[in-house]
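Thanks for making time this morning. I would like to walk through one model with you, so please have the sequence and the structure open while I talk.

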Amino acid sequence: MDFYRVGDKVISLQKIMDEVKKILDLRQKGFSQIEVAEKLKIDRSFISKLEGLGEVRKGKNIAAIGFPVKNKDEVEQVLKSYGINYYLLMTEEERNSFINSLSAAQLLNIMGEYINNFKMFDIVIAMGSDFRLNWFKAFLDCEVITIPLGKSPLKYDVEVDIEELKKILDSIVE
């Protein structure tokens with residue numbers, strides 16, 4: 001194990017690596033920087049700087065967002081098979097549970113965090129109701145490719161056309 005003495009402190013490189021791995025594992029699972037910071041009791045800005053330090057871009061940077069998605073697991077599998085690691089997919093039940101578990105201030109902060117995260121991508125594939133798709137296009141400063149799931153308000157899960165999703169991914173993934 002590598003230890004470093006800095007002043008009167010002894011620092012473990014392994015402990016740092018273990019904590020960085022926890023942060024990146026949670027972020028890859030879709031947790032926002034704010035959620036990870038709160039969970040691990042660290043500053044959100046540290047997470048942002050850490051991600052910037054290790055960021056590697058190759059080709060187009062693609063993300064996906066969709067709700068209410070009935071075949072969420074299948075959509076997730078397809079996205080992963082094309083190397084899309086940043087996505088936010090929810091069923092209607094998950095979306096309602098998420099919204100109802102937060103105060104208005106918490107919801108506003110987390111939504112701001114998600115918007116900022118999605119703005120870092122060159123392309124976002126958005127799956128949702130007509131109203132939500134317009135909302136995504138208005139808030140994101142990138143190319144938004146839409147897969148309409150129906151007219152607003154959608155109160156039930158809708159199946160994403162997997163062949164359409166694959167066709168889109170085939171055309172944009174290098």
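Let me begin at Lys41, which is found in the loop between α2, residues 33-40, and α3, residues 44-54. What is phi of Lys41? In this model, which I should say at once is a predicted one, phi of Lys41 is near 55°, and that is a positive value in a residue other than glycine.

Lys41 also falls inside a stretch with a record attached, since UniProt, in an unreviewed entry, lists residues 28-51 under "domain: HTH cro/C1-type". In the model that span is 71% helix and 0% strand, and the C-alpha atoms at its two ends lie 11 Å apart.

Just ahead of that loop's helices comes helix α1, which covers residues 13-28. Within α1, Asp25 and Lys21 are four residues apart, about one turn of the helix, and Asp25 forms a salt bridge with Lys21 in which the closest N and O atoms are 3.1 Å apart. As a general remark, side chains of opposite charge can pair when their charged atoms come close. For the protein, the count comes to eight salt bridges.

Now let me step back to the overall layout. The protein has eight helices and six strands, and from the N terminus on the elements run β-β-α-α-α-β-α-β-α-α-β-α-β-α. Its C-alpha atoms fill a box of roughly 60 × 40 × 30 Å, taken along the principal axes.

The domain assignment gives domain 1 as residues 3-54 and domain 2 as residues 62-173, and the centres of domain 1 and domain 2, taken over C-alpha atoms, are separated by 27 Å. How many residues of domain 1 are in contact with domain 2? Eight residues of domain 1 touch eight residues of domain 2, and the area buried between domain 1 and domain 2 is about 700 Å², of which carbon and sulfur atoms give 49%. Between domain 1 and domain 2 the count of salt bridges is zero.

Next comes the sheet. What is the order of its strands? This open sheet of four strands has the order β4-β3-β5-β6, with parallel pairing. Strands β4, residues 87-89, and β6, residues 143-150, stand at the edges with a single partner strand each, so one side of each is left without a neighbour in the sheet. Neighbouring strands of this sheet are turned by 15° against each other on average, with direction ignored.

Looking at one pair in detail, strand β3, residues 62-66, runs parallel to β4 and is joined to β4 by three bridges, and Ala64 stands opposite Tyr87 in β4. Helix α7, residues 130-139, lies across β3, β5 and β6, and α7 runs at about 155° to β5, which spans residues 123-129.

Finally, I would like to point out two prolines. Pro68 is found in the loop between β3 and α4, residues 72-81, and a cis peptide bond joins Phe67 and Pro68, with omega about -5°. Pro153 lies in the loop between β6 and α8, residues 162-172, where a cis peptide bond joins Ser152 and Pro153, and omega is about -5°.

That brings me to the end, and I am happy to go back to any part of the model.

How values were computed. Residues numbered from 1 in each chain as written. Predicted model: local features only at pLDDT ≥ 70, side-chain atom pairs only at ≥ 80, totals over all residues. Heavy atoms only, no water. Pairing = 2+ DSSP bridges. Axes fitted to C-alpha atoms, helices over the stretch in contact; angles between N-to-C directions. Contact = heavy atoms within 4.5 Å. UniProt positions renumbered as here; feature names shortened; annotations may be inferred. Domains from an automatic or database assignment. Buried area = accessible area lost by both parts, 1.4 Å probe. Salt bridge = Lys/Arg side-chain N within 4 Å of Asp/Glu carboxyl O.
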